[in-house]
2 protein chains.
Amino acid sequence: MQQSAQFSTRQKILGAAEALFAERGFAGASLRQVTAAAKVNLAAVNYHFGSKDNLIEEVFRRRLDELSRRRLEQLAKLEAAGDASLETVLDAFITPALELSLDRKGGSVFMRVLARAFAEHNSNLRTFLSDNYGYVLKDFAAAFARLLPQLDKQELYWRLDIAVGALTYAMADFGMIQRRSGESEREHREQMAKHLIHFTAAGLRA
Amino acid sequence: MQQSAQFSTRQKILGAAEALFAERGFAGASLRQVTAAAKVNLAAVNYHFGSKDNLIEEVFRRRLDELSRRRLEQLAKLEAAGDASLETVLDAFITPALELSLDRKGGSVFMRVLARAFAEHNSNLRTFLSDNYGYVLKDFAAAFARLLPQLDKQELYWRLDIAVGALTYAMADFGMIQRRSGESEREHREQMAKHLIHFTAAGLRA
DNA sequence: CTAGACTTCAAACGATTGTTTGAAACGCGG
DNA sequence: CCGCGTTTCAAACAATCGTTTGAAGTCTAG
């Protein structure tokens, strides 16, 4: 493990792949485009990751391990404090993603990559994500179930399904709302999170 | 397949392309896969559509022309009847898509193709859709603005943006909810539409 | 029945895809 | 300094990509 300039070859590839997957999709971004953007040799991908599919999985792993940890940590914290409400639980889910988005370069495009994964409906990717990170959604679903005891299981699942869609789409910034001039990226994202929590909480308890 | 005799080469290509674009994305589905599924010659795509990009646009045109017409027709009808509410306007938007989904083969996968288009954030595709069908969203936004006069423009746009995301993802059936055994596709879709309207209306007026 | 336009076909085009190769370059403990 | 494991490199692999070609087939108007 050697740092060449500032980032290792591995990290450079992961960063470039993340950006290009967000922009052109997994099939649309070639390894030659990725390695050119990362300024590394083409063969480096197969040397460090084995295959393009493994690279894709690693792009997710790099972000989702910590994102999942932080989300569950936030959730546990407010349940320990007896502070759980629809708004605070939604906040526990959204804020870690928001902070990731505001992290140094790459964080914001990752949410777009994640939304792409949802569109890859039949792929191994869904299985990979479900197998490795499904427990996060499960824990949050359980928290919502406790907060909405009047809803039967089916009703709850419908609403959570819709909520996940709204969150995924919004966090990927797929919508038409542009950042206003004179508004920082941070302010824009925080506005979005605020509206997202408000909207989704209302939808869940409707 | 008897369809081979019933549908023109053009229609067979459009149907196969729609299904494969839904499953593998625009870059992920090759023309050879499309023409093999359609059981037509490879060169037929370029003969009838000129290029893959034109084929993609035509896949949208075939469905969106009528879908847009029906949506605006429903909207106009209930405004003429003085029946406009958040629920009825949402219904005017959703029901035509629901009927399309329940149409004979192809309709249901098209909503998934449409959601894919949202993920193609930088592509010409977004421009094509916005230029040709943006007026539909504009008209619906105006209707919602009338129904939510207490919201300022910014606030309204945030909520509509989130609502569009929820609708797009749900109609594409990207979620985890599966059709229950003993439940028909129609029943499943109608349940979804019902919950979608309820959820989104609550979020909009929250 | 024939002429001419429309459609289909197999084959090939150059470009690009993911992956593999073997040698060169590198970093570091001895 | 040497030797050895790790990493990078240019080059090439077969496969597949979107597109084009010109001939063969199909259809209909006159």
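These notes cover the DNA surface, the contact between two chains and two backbone angles in a predicted model.

1. Conventions. Residues are numbered from 1 along each chain as its sequence is written, and chains are lettered from A and ligands numbered from 1 in the order in which they are written. Local features need pLDDT of at least 70, side-chain atom pairs count only at pLDDT 80 or more, and totals for chains, interfaces and linings use all residues.

2. DNA strand C. Around this strand lie 17 residues, counted as near if the C-beta atom, placed from the backbone, is within 6 Å of it. Ser30(A), Ser51(A), Thr9(B), Asn41(B) and Ala43(B) come nearest. Two or more residues each come from H2 (31-38) and H3 (43-49) of chain A and from H4 (43-49) of chain B; these helices are DSSP runs of H or I with at least four residues, numbered from the N terminus.

3. Chains A and B. Each side of the contact has 34 residues, where contact means C-beta atoms, placed from the backbone, within 7 Å. On the chain B side, H7 (107-119), H9 and H10 each supply at least two residues, and H9(B) gives the most, with 11.

4. Positive phi. Most residues other than glycine have a negative phi. Lys39(A), not a glycine, has a phi of about 55° and sits in the loop between H2 and H3 of chain A. Asp173(B), also not a glycine, has about 60° and lies in the loop between H9 (153-171) and H10 (185-205) of chain B.

5. Exposure of these two. Lys39(A) is exposed, with 12 other C-beta atoms within 10 Å, whereas Asp173(B) is buried, with 21. Buried means 20 or more such neighbours, exposed 12 or fewer, with C-beta atoms placed from the backbone.

Conventions
Contact = placed C-beta atoms within 7 Å.
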